[in-house]
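Reader: I have a protein model to look at. Can you take me through it step by step?

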Amino acid sequence: MTTTTISLTETFVAVQKASRTIPLLDVSVINQVLADLADEAVAEIDFLLSENRKDLARMDTDDPKYDRLQLTPDGIKAIAADIRNVAGLNHPVGKTLATKTMPNGLQISKVTVPLGVIGIIYEARPNVTFDVFALCLKSGNACLLKGGSDAADSNAAIISLIKRVLQQHGLSEHIAHLLPPDRTATEALLKAVGFVDIIIPRGSQSLINFVRQHSRVPVIETGAGIVHT
C-alpha cells in the first residue's frame, strides 16, 4: 500500500465520521451555513477571481473548456443566489413517504434518509464545487470532491471558503473534502468501498463511461448531452 493510498484512506475515514454528524444538526444550522457561505462567496470575489486566473493562465483560450472554467463577478453572485435558493428549500430528510400495516399489526414506514458520503468526479467547472456542497449538506450528506486539474486553484480556493464557514459554526471541516487533482486520487475514490456510499460523475460521456466501468462503488449517472429532453 502506497503512502498516497494510506493518506487518502485516512481522509475517507474522517469524511465518513463527519457524515454521521450531519443528520444530528438542526435544519436551521444547515440553512445558516449555506446562507453564510453565499455571503462569503460574494465577499471573497476578488480572491476567487485571482485564483481562477491561475487556472485560466494554464489553458489555451481556444479550448472549449475555457469558458466553463472562467469565473466572473456576476457568475459568483449567481452562484451565491443559487446557494441561498438551496437553503430555502424544504428539508428533504426525515420525510415519511409511505406507511404500511402488516397482517400481524407491525407498522412499516418508508422514510427519507441521507446516503452518507457522496463522491463527485467532475471536470473544469469550479461552480460545481459550490453546487455540490450546498446540495449535499442540505440533504444531510458529506461530500468527497474530485475536480479536474484544470480547475485546481479555483477549487482549492472555493473549498477553503467552505471549510472556513464550517469551522465558524463549530462543524467538522471534513463534511466537505477536495481530493488532489490527480489520477491516483480518482482511482482511490473509485475503490473506496466501505467509505463512500455513492459516486456521481458530472462531465463528458467519456468521464461517465470511465467511472461506470472502473468504480467498485455504486454509481449514479447524471447523463451527458441535452439531458433535459
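Reader: Which helices do the buried residues of helix 3 pack against?

Author: This is a predicted model. The buried residues of helix 3 include Ile45, Leu48 and Leu49. Their packing partners are helix 2 (27-43), helix 4 (65-69), helix 5 (73-87), helix 6 (127-138) and helix 7 (152-168).

Reader: Why do the buried residues of helix 3 lie on the same side?

Author: Residues three or four places apart in an α-helix point the same way, because there are 3.6 residues a turn. The buried residues of helix 3 are Ile45, Leu48, Leu49, Glu51, Asn52, Asp55 and Leu56. They share one side of helix 3 because they cover an arc of only 170° around the axis.

Reader: Which residues are exposed on the other side of helix 3?

Author: Exposed means over 50% relative accessible area. On that other side, the exposed residues are Asp46, Arg53 and Ala57.

Reader: Is glutamine 16 buried or exposed?

Author: Glutamine 16 sits in helix 1 (residues 3-19). The cut-off for buried is under 20% relative accessible area. Glutamine 16 has 16% relative accessibility, so it counts as buried.

Reader: Which are the edge strands of the open sheet?

Author: The open sheet has 4 strands in the order 5-4-3-6, with parallel pairing. An edge strand pairs on one side only; here these are strand 5 (176-178) and strand 6 (198-202).

Reader: What stands opposite leucine 144?

Author: Strand 4 (residues 142-146) pairs with strand 5 in the parallel sense, over 3 bridges. In strand 5, the residue opposite leucine 144 is histidine 177.

Conventions:
Residues numbered from 1 in each chain as written. Predicted model: local features only at pLDDT ≥ 70, side-chain atom pairs only at ≥ 80, totals over all residues. Heavy atoms only, no water. Buried < 20%, exposed > 50% of the residue type's maximum accessible area, 1.4 Å probe, protein only. Helix = DSSP H or I, 4+ residues; strand = E, 2+ residues; numbered from the N terminus. Arc of directions from axis to C-beta. Contact = heavy atoms within 4.5 Å. Pairing = 2+ DSSP bridges.
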